[in-house]
Amino acid sequence: MSTPPSSSSGASSGSSSGPPPVEIHRERSVAESFGTDPMGYDRWRPRYPQPLIDRILATSPGREVLDVGIGTGIVARQLRDAGAEVVGVEPDLRMAAFARSFGFEVEESRIEDWDPRGRTFDALVAGQTWHWVDPATGAAKARQVLRPEGRIALFWNAGDAPAAVTAAYADAFAKAVPDWPGQIGRTPPPAAQLYTTIADRAADGLRSVGGFSEPERWQDAWQQPYTREEYLAMLPTQGTLTRVPAERVAPVLEAVGAAIDRLGGSFVMEYVTTTVSTTRLTG
């Protein structure tokens, strides 16, 4: 699972025009569309900064982790490589099957409906997924399954491509998909700003249920180079394109590819990973 429909292009190309819908977690057709190509999703979606993975485990009371929206297992594999034992919850059957191929225990459910059967964990993580979760109901479930002083870490990658690439995407998308709900603008705010709105909402959900320390905000800045081929392979894994027919996607990719060609065939994406984190209070 991944970025919201109104800002998914912003998460990768900065081509969204405003904050996400307040009720974004109700957009289930988008939320469960990423399994159309789990192999492509897993191959091309960016990973998360290693210092963030290390910090989550270093500040948790143990190594047993629940991964909410495990998807293809991107976060889970990073955590396992760092020494964690990971159990996943995933509503998309195709993504769940892909994650299981890496040896993870994955239960098919939305976290709001999931029955932990008395199990508890040292940490609960959600990489690029918590905006698909009802913020209050999800926070209540996190409180239920976390051990005392257990850590919750909700995080999102937000990256901005060069302005010329963003503009090419916006123009081509508006022509190819004129019936998409919401307007993709030519001069969107930075993707990190969009995810700040999402992170604020997640923090409010945690506060609303009580039982947690005051949520912290962590940020990790990093870079990732993209060739033309790499970026065009990654774009169709975004929420704005996962449900769009291939014949409509093609002109969007053609326009973006031409913009990258004018930049010399590659560029460096500036990413910021924003994390909302807190711990379950004792007692």
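Contacts across the protein chain are my starting point: among those between residues at least 6 apart in sequence, 80% join residues at least 24 apart. Please bear in mind throughout that this is a predicted model.

The chain has 283 residues, of which 59% count as buried. About 11,000 Å² is exposed by the chain, and carbon and sulfur atoms supply 52% of that area. In secondary structure, the protein chain has eleven helices and seven strands.

Let me turn to strand β7, residues 266–279. Ten of its 14 residues are buried, so strand β7 is largely enclosed by the rest of the structure. Which strands pair with β7? One is strand β5, residues 146–160, which runs antiparallel to β7 over ten bridges. Within that pairing, Trp156 is found opposite Thr274 of β7. Another is strand β6, residues 216–227, also antiparallel to β7, over twelve bridges. Here Tyr226 faces Phe267 of β7.

I come now to the aromatic rings. The count of aromatic pairs in this model is eight. One of them joins Trp222 and Tyr271, which are stacked, with 4.4 Å from centre to centre and 10° between the planes. Because Trp222 belongs to strand β6 and Tyr271 to strand β7, this pair ties together parts that are 49 residues apart in sequence. Are these two residues, Trp222 and Tyr271, buried or exposed? Both are buried.

A second arrangement involves Tyr226 and Tyr231. Their ring centres are 5.4 Å apart and their planes stand at 70°; an angle over 60 degrees counts as edge-to-face, so the pair of Tyr226 and Tyr231 is edge-to-face. Tyr226 is buried, with a relative accessible area of 3%, and Tyr231 is buried as well, at 0%. Ring pairs also bring in Phe267, so that Tyr226, Tyr231 and Phe267 are linked into a cluster.

Charged groups meet rings elsewhere in the chain. The charged end of Arg77 sits over the ring of Phe102, 4.0 Å from the ring centre. Likewise, the charged end of Arg80 sits over the ring of Phe104, 4.0 Å from its centre.

Finally, I would draw attention to helix α8, residues 163–176. At 1.5 Å a residue, its 14 residues should span 20 Å, and the C-alpha atoms at its ends are 20 Å apart, which agrees. The buried residues of α8 include Val165, Tyr169, Phe173 and several alanines, among them Ala167, Ala168 and Ala176.

Key:
Residues numbered from 1 in each chain as written. Predicted model: local features only at pLDDT ≥ 70, side-chain atom pairs only at ≥ 80, totals over all residues. Heavy atoms only, no water. Buried < 20%, exposed > 50% of the residue type's maximum accessible area, 1.4 Å probe, protein only. Helix = DSSP H or I, 4+ residues; strand = E, 2+ residues; numbered from the N terminus. Pairing = 2+ DSSP bridges. Contact = heavy atoms within 4.5 Å. Areas by Shrake-Rupley, 256 points an atom, 1.4 Å probe, with all protein chains shown as cover. Expected span 1.5 Å × (residues − 1). Phe/Tyr/Trp six-rings, centres within 6.5 Å; stacked < 30°, edge-to-face > 60°. Lys NZ or Arg CZ within 6 Å of the ring centre and 35° of its normal.
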